[in-house]
Amino acid sequence: MSGIVIRRPRSARDFAGYYQTRWYTLRRPWHQPKGSERDGLEKVAVHLMAVEGRRVVGVARMHLSGPDVAQFRYMGVERRFRHRGIAQRLLRALEREARKRCVRIAWFNAREPAVPFYERCGYSVFDTSYTLYGCIPHWKMFKEL
Ligand SMILES: CC(C)(COP(=O)(O)OP(=O)(O)OC[C@H]1O[C@@H](n2cnc3c(N)ncnc32)[C@H](O)[C@@H]1OP(=O)(O)O)[C@@H](O)C(=O)NCCC(=O)NCCS
């Protein structure tokens with residue numbers, strides 16, 4: 001996986017690329033407008049991105065949803081960079097960030113097609129969740145860190 005670096009966005013340019021990739025991988029395929037890739041927790045959340053040079057090719061985010069509980073959100077990898085272990089690296093990096101903050105449990109709403117990937121990373125389904133845009137079923141998954 002040479003050439004791909006996982007790091008936190010720092011500059012305005014980093015964040016522009018970060019949100020662009022989040023929108024491109026998670027919202028554009030469902031014809032959602034720019035801005036729909038953000039929520040009210042961006043300022044308090046921990047953001048991570050996978051970069052090749054200056055290009056942001058993958059993104060993920062974590063926020064605390066309880067004193068020792070973290071929710072992960074917005075995991076997306078550009079199509080032509082998939083199946084190279086980038087999401088797995090992003091997930092491990094999120095877990096490290098969570099452990100630093102004394103998080104014991106990480107959870108998220110997983111899109112159904114991604115559930116087997118997360119299971120291979122040690123996560124378990126614990127409940128059903130919402131269906132996004134009327135066509136993407138989600139499952140609640142968790143792992144004890
Ligand atoms: C789900 C998603 C984030 C996975 O990203 P990814 O970078 O391809 O994930 P990884 O490469 O770490 O692992 C995915 C697969 O590649 C395989 N893989 C990992 N490294 C590999 C390598 N070096 N060579 C070949 N395959 C590899 C893994 O075994 C895994 O297998 P799977 O396809 O059967 O699940 C990506 O498909 C995506 O962005 N999808 C659209 C948005 C989305 O659904 N996001 C999740 C929201 S919950």
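Two strands count as paired here if DSSP finds at least two bridges between them. With that in mind, let us walk through this predicted model, starting from its sheet.

**The sheet and its helices**

Seven strands, 7 in the order β1-β2-β3-β4-β5-β7-β6, make up an open sheet with mixed pairing. The edges are taken by β1 and β6 (124–132); each has a single partner strand, so one side of each is left without a neighbour in the sheet. On average, neighbouring strands are turned by 20 degrees against each other, direction ignored. At the β1 edge, β1 and β2 (residues 46–52) pair in the antiparallel sense over 4 bridges, and valine 5 stands opposite valine 51 in β2.

Two helices pack on this sheet. Helix α1 touches β2, β3 (55–66) and β4, and its direction makes about 90 degrees with that of β3. Helix α2 touches β1, β2, β3, β4 and β5, and its direction makes about 35 degrees with that of β3.

**Three residues to look at**

Isoleucine 6 lies in strand β1 (residues 4–7). Beyond its sequence neighbours up to four places away, isoleucine 6 touches Leu48, Ala50, Arg89, Leu90 and Ala93. Alanine 98 sits in helix α2, where its contacts, leaving aside neighbours within four places in sequence, are Met62, Ala70, Val103, Ala106 and Leu145. Arginine 104 belongs to the loop between α2 and β5; with the same kind of neighbours left aside, arginine 104 is in contact with Asp68, Glu144 and Leu145.

How buried or exposed is each of them? Alanine 98 counts as buried because 23 C-beta neighbours fall inside 10 Å, and the cut-off for buried is 20 or more. Isoleucine 6, with 18 other C-beta atoms within 10 Å, is partly exposed, and arginine 104, with 14 C-beta neighbours inside 10 Å, is partly exposed too.

Here is how each one relates to a residue further along or back in the sequence:

| Residue pair | Apart in sequence | C-alpha to C-alpha |
|---|---|---|
| Isoleucine 6 and leucine 48 | 42 residues | 6.8 Å |
| Alanine 98 and methionine 62 | 36 residues | 7.7 Å |
| Arginine 104 and methionine 141 | 37 residues | 14 Å |

**Around the ligand**

Which residues are closest to the ligand? Of the 17 that surround the ligand, the closest are Arg82, Gly85, Ala87, Gln88 and Phe117. The elements giving two or more residues to this shell are α1 (12–26), β4 (69–77), α2 (86–100), β5 (105–111) and α3 (115–120). By character, the shell divides into 9 nonpolar, 5 polar and 3 charged residues.

Definitions and conventions. Residues are numbered from 1 along each chain as its sequence is written. This is a predicted model: local features need pLDDT of at least 70, side-chain atom pairs count only at pLDDT 80 or more; totals for chains, interfaces and linings use all residues. A residue is near a molecule or strand if its C-beta atom, placed from the backbone, lies within 6 Å of it. Ala, Val, Leu, Ile, Met, Phe, Trp, Tyr, Cys and Pro count as nonpolar, Asp, Glu, Lys and Arg as charged, and the others, Gly among them, as polar. A residue is buried if 20 or more other C-beta atoms lie within 10 Å of its own, exposed if 12 or fewer, and partly exposed in between; C-beta atoms are placed from the backbone. Two residues are in contact if their C-beta atoms, placed from the backbone, lie within 7 Å. Axes are lines fitted to C-alpha atoms, for helices over the stretch in contact, and angles run from 0 to 180 degrees between N-to-C directions.
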